[in-house]
Amino acid sequence: MCDPAAGSGTLVLALAHQVGEGNCTVYTQDRSQKANEFMRLNLILNGQVNSLANVVHDDTLVSPRHLSYDGKSLKTFDYIVSNPPFKADFSASRDLLASEKYGKRFWAGVPKVPAKQPEKMAIYLMFLQHIIDSMKPDAKAAIVVPTGFLTAKSKIESKIRQNMVDSGMLRGVISMPSNIFANTGTNVSIIFLDRSKQYDNALLMDASKLGAKEKIGKNQRTVLSSEEIKRIISTFNASEEQDDFSVIADYDAIKEKRYSFSAGQYFEVKIEYVDLTPEQFHDEVTKRMSSLHDLWSEGDRLQHDIEDQMKAVHFA
């Protein structure tokens, strides 16, 4: 299993624990030397010393170090998890990454560097493409992305979402509550990919309304209860539809909505009907018309007040 932007390894080690430390080998890469040292320490503490040699300090995008035996292509993995940096300054290597040398790996394109704020380059889009190219034919992946990615209309985002659907590997998407992670206030979602079979639909879940706000230190976080976590997991695993929470979206429907992964766009619109007698209907219409007349009168009064005040304005 692999994480190409591992940091201290929280995600990949959590997955290793679920699979069983003795049943897997961990591969990571990160351009932060400090993060890599923490990663090695965590491997030791988690009994994964056999994976220490696979912790690499280098730039995954420019110099991926986990390669195939012939060294000509990326090593592919059964499981990939990642919470890549959303934005970072890659201005020094941007043109190199956009060159023909990297064209096969970055097939959707390379984002431009914002002129005034190079640190806001959407670098996570590069990691998404790298992860897709690092998946075995039957691999599974879970990637944390900004929620804005789910509906973004720009070329690179659209091409990546289209690839996930057209290749039949989009398993599902979960939109999380705001401030759910300690290291970012950005609204995030988790995309699940699965190449073990060809899917024709995906489970889209809006869990953004779950959780309770808690102040942890100086920051306010959203914390999910154990029941809410169980609800998310069981609903996803069972591919269960719940009103205004989860929906199974057919790939054809996703294509019609320009490959939007936002659950809310696929929820059924429900209209409540109330039986009224003719007298009740007349009373309701009369009441609402009275409210409208009051609003119109208030609007006229405000218009006259504004006109009077404007007349009083003089050029000094």
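For the exercises below, Ala, Val, Leu, Ile, Met, Phe, Trp, Tyr, Cys and Pro count as nonpolar, Asp, Glu, Lys and Arg as charged, and the others, Gly among them, as polar. Keep in mind that you're working with a predicted model.

**Exercise 1. Find the enclosed space and sort its lining by residue class.**

Step 1: Look for cavities of 30 Å³ or more; the structure holds one.

Step 2: Get the volume. The largest cavity contains about 80 Å³ of space.

Step 3: List who lines the largest cavity: Cys2, Pro4, Gln29, Thr60, Pro64, His66, Leu74, Lys75, Phe77, His130 and Ser134.

Step 4: Now sort them. The lining comes out as five nonpolar residues, five polar and one charged.

**Exercise 2. Place Ser239 in the fold and decide whether this residue is buried, partly exposed or exposed.**

Step 1: Check the backbone. Ser239 isn't a glycine, yet its phi is positive, about 50 degrees.

Step 2: Locate it. Ser239 sits in the loop that runs between helix H6 (226–237) and strand E11 (246–250).

Step 3: Apply the accessibility classes. Ser239 has 27% relative accessibility, so it counts as partly exposed.

**Exercise 3. Do the same for Tyr259.**

Step 1: Backbone again: Tyr259, a residue other than glycine, has a positive phi near 60 degrees.

Step 2: You'll find Tyr259 in the loop between helix H7 (251–256) and helix H8 (278–311).

Step 3: Buried means under 20% relative accessible area. Tyr259 counts as buried because its relative accessibility is 14%.

Note on methods: Residues are numbered from 1 along each chain as its sequence is written. This is a predicted model: local features need pLDDT of at least 70, side-chain atom pairs count only at pLDDT 80 or more; totals for chains, interfaces and linings use all residues. Side-chain values use heavy atoms; hydrogens and water are left out. On a 1 Å grid over the protein atoms alone, a cavity is a set of points where a 1.4 Å probe fits but cannot get out, and a pocket is an open set with protein on both sides within 12 Å along at least five of seven lines; lining residues have an atom within 4 Å of a point. Grid points are joined across faces, edges and corners, and a volume is the space filled by probe spheres set on the points. Helices (H or I, at least four residues) and strands (E, at least two) are DSSP runs, numbered from the N terminus. Buried means under 20% relative accessible area, exposed over 50%, partly exposed in between (1.4 Å probe, protein chains only).
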